[in-house]
Amino acid sequence: MSRTTIPFATADISALAKSLRAQLANRDGPPGHVEMLNILARAAGRRNFQQLRAESEGRPAAEISQTTPTSAVDAVQIARVAGHFDALGRMVRWPSRTRHQELCLWVLWSRLPARRAFTEAEVNALIKAQHLFGDHAILRRSLCNSRLLSRTRDGAEYRRVEREPPPEAAALIRQVLATRAPPG
């Protein structure tokens, strides 16, 4: 029986290596064949090996490599950071890791209305509706420090800064917002 060749390419080998290491770190033994195929596919930014195979069917390897995402998303990290949110998409705790904090801030940013000025009280109310650990001030400050939220010198007016989220932040936003967003 002949095998179908399935091309495998990644734009960032460092992100691939990090994802592979994270996925293999908590294992007792080596993965089986199919499990290893799924690990490799996830490290390349796919859901699983079936998705990778489906994308490659009927297309030459050169075409596949052109459609490979420019930045592999670390699915394991996204899953860990998504654990900071409840089933309603509210942040339940402030992460200790700076990188996780940055990603969580993007979710809050995505829920702030665009192109609108807010008073400090309005921003506080919006942020309070998005978290459960009772420290809206650290979230507001962090949004400003990360340049996701701007404010006037006197703090009277706040605005969401319009930017394109990085790939990992966009993946987290999609994952968290797939849950039901709380009112606010």
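## The aromatic pair

Two rings of Phe, Tyr or Trp (for Trp, the six-membered ring) count as a pair if their centres lie within 6.5 Å. This predicted model holds 1 aromatic pair. The partners are W106 and W109. Their centres are 5.0 Å apart, and the planes meet at 75°. The planes are over 60 degrees apart, so the pair counts as edge-to-face.

Both tryptophans belong to helix α6, which spans residues 98–110. They are 3 residues apart, about one turn of the helix.

## Burial and a charge over the ring

W106 has a relative accessibility of 6%. W109 has a relative accessible area of 6%. The cut-off for buried is under 20%, so W106 is buried, and so is W109.

W109 has a further partner in R160. The charged end of R160 sits over the W109 ring, 4.0 Å from the ring centre.

## E168 and its contacts

E168 lies in helix α9, residues 167–177. Its relative accessible area is 13%, so E168 also counts as buried.

Leaving out residues up to four places away in sequence, E168 touches V73, D74, Q77, I78, R99 and L103.

## Confidence

The mean pLDDT of the protein is 83. A value of 70 or more is reached by 87% of the residues.

Residues 60–70 have pLDDT below 50. In the model, this stretch makes 15 contacts beyond near neighbours in sequence. Where pLDDT is low, predicted coordinates should not be read in detail.

Methods
Residues numbered from 1 in each chain as written. Predicted model: local features only at pLDDT ≥ 70, side-chain atom pairs only at ≥ 80, totals over all residues. Heavy atoms only, no water. Helix = DSSP H or I, 4+ residues; strand = E, 2+ residues; numbered from the N terminus. Buried < 20%, exposed > 50% of the residue type's maximum accessible area, 1.4 Å probe, protein only. Contact = heavy atoms within 4.5 Å. pLDDT = per-residue confidence, 0-100. Phe/Tyr/Trp six-rings, centres within 6.5 Å; stacked < 30°, edge-to-face > 60°. Lys NZ or Arg CZ within 6 Å of the ring centre and 35° of its normal.
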